[in-house]
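Biologist: Could you put the model up so that we can go through it together?
Modeller: Here it comes, and please ask whatever you like as we go.

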Amino acid sequence: MSSKRVMFIGATGCGKSALAQALEGQVRSGRSAQEVVYGKKTIDVPSEYLEHPWMFQSLIAIAQNNASHVVFVVGQGNTASAGSPGLGNVFTCPVVGVVTTDCNSSEGTERCFGELARLGVPEPYFVVNPNEQVDRSLAEYLFDVEQSEELR
């Protein structure tokens, strides 16, 4: 098992903190990260790192030094951009796309897939509801099988 963590980035209100907390096995606090939060398995990065291009270098440095994967999170109910076009191509570790939803609208999901493609995030994309149990296929993709069993 790698000591590196899964790094979550996305626009304000997209559900990245809820998803990170779910993967950590924590009860959802309902609060967004105001600073970079290093969990045992995850790194929750505030949306400000995507809103200000001068912070991209810090984002890249955090990923290079600490992340096994970078997960771009796009919320179905959130139309804010999750970063600059092609941003996903700058990371040296695997990049994953996740769409968070609580209504599973196919129209909203397609818009989110388009946003992930614009960001340079390769398929496959995962669609999850962070308010429900962690999606097992996402956990298996991000962590090894043993860790995924712990999330059940």
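Modeller: A word on terms before the pattern: helices (H or I, at least four residues) and strands (E, at least two) are DSSP runs, numbered from the N terminus. Please keep in mind that this is a predicted model.

Biologist: Fine. What pattern does the protein follow along the sequence?
Modeller: Read from start to end, the pattern is β-α-β-β-α-α-β-β-α-β-α-α, and the secondary structure comes to 6 helices and 6 strands.

Biologist: And in what order do the strands sit in the sheet?
Modeller: The sheet is open, has 6 strands with mixed pairing, and takes the order β2-β3-β1-β4-β5-β6. Strands β2 (37-38) and β6 (125-128) are at the edges, where each has a single partner strand, so one side of each is left without a neighbour in the sheet.

Biologist: How do β1 and β4 run, and how many bridges join them?
Modeller: They run parallel, with 6 bridges joining β1, residues 5-10, to β4, residues 67-75. To find your place in that pair, look for Phe 8, which stands opposite Val 71 in β4.

Biologist: Which strands does α1 lie across?
Modeller: Helix α1, residues 16-23, lies across β1, β3 (42-44), β4, β5 (95-100) and β6, and runs at about 160 degrees to β1. Helix α4, residues 106-118, also packs on the sheet, where it touches β4, β5 and β6, and its direction makes about 135 degrees with that of β4.

Biologist: Staying with α4, how many salt bridges does the structure hold?
Modeller: The structure holds 1 salt bridge, formed by Arg 118 with Glu 115, whose closest N and O atoms are 2.9 Å apart. Both residues lie in helix α4, 3 residues apart, which is about one turn of the helix. As a general point, side chains of opposite charge can pair when their charged atoms come close.

Biologist: Is that Glu 115 buried or exposed?
Modeller: Glu 115 counts as buried because its relative accessible area is 14%, and buried means under 20%. Its partner Arg 118 is partly exposed, with a relative accessible area of 31%.

Biologist: What does Glu 115 touch, leaving out residues up to four places away in sequence?
Modeller: On that count, Glu 115 touches Val 74, Ser 81 and Ala 82.

Biologist: Changing topic, where is Thr 12 found?
Modeller: Thr 12 is in the loop between β1 and α1, and with a relative accessible area of 48% this residue is partly exposed. Leaving aside neighbours within four places in sequence, Thr 12 is in contact with Ser 47, Glu 51 and Asn 78, and its side chain makes a polar contact of 3.3 Å with the side chain of Glu 51. Thr 12 and Ala 80 are 68 residues apart in sequence, while their C-alpha atoms are 7.8 Å apart in space.

Biologist: And Gln 34, buried or exposed?
Modeller: Gln 34, in the loop between α1 and β2, counts as exposed at 67% relative accessibility. Gln 34 is 10 residues from Asp 44 in sequence and 9.4 Å from that residue in space, C-alpha to C-alpha.

Biologist: Last one, for the whole protein: what percentage of the residues is buried?
Modeller: Buried residues make up 52% of the 152 residues. The accessible surface comes to about 7,800 Å², with 48% of that belonging to carbon and sulfur atoms. Among contacts between residues at least 6 apart in sequence, 70% join residues at least 24 apart.

Key
Residues are numbered from 1 along each chain as its sequence is written. This is a predicted model: local features need pLDDT of at least 70, side-chain atom pairs count only at pLDDT 80 or more; totals for chains, interfaces and linings use all residues. Side-chain values use heavy atoms; hydrogens and water are left out. Two strands pair if DSSP finds at least two bridges between them. Contact means heavy atoms within 4.5 Å. Axes are lines fitted to C-alpha atoms, for helices over the stretch in contact, and angles run from 0 to 180 degrees between N-to-C directions. Buried means under 20% relative accessible area, exposed over 50%, partly exposed in between (1.4 Å probe, protein chains only). A salt bridge is a side-chain nitrogen of Lys or Arg within 4 Å of a carboxyl oxygen of Asp or Glu. Accessible areas come from the Shrake-Rupley method with a 1.4 Å probe; for residues, only the protein chains shown count as cover. A polar contact is a pair of N or O atoms within 3.5 Å; within protein, one must be able to donate a hydrogen and the other to accept it, and residues adjacent in sequence count only if both atoms are side-chain atoms.
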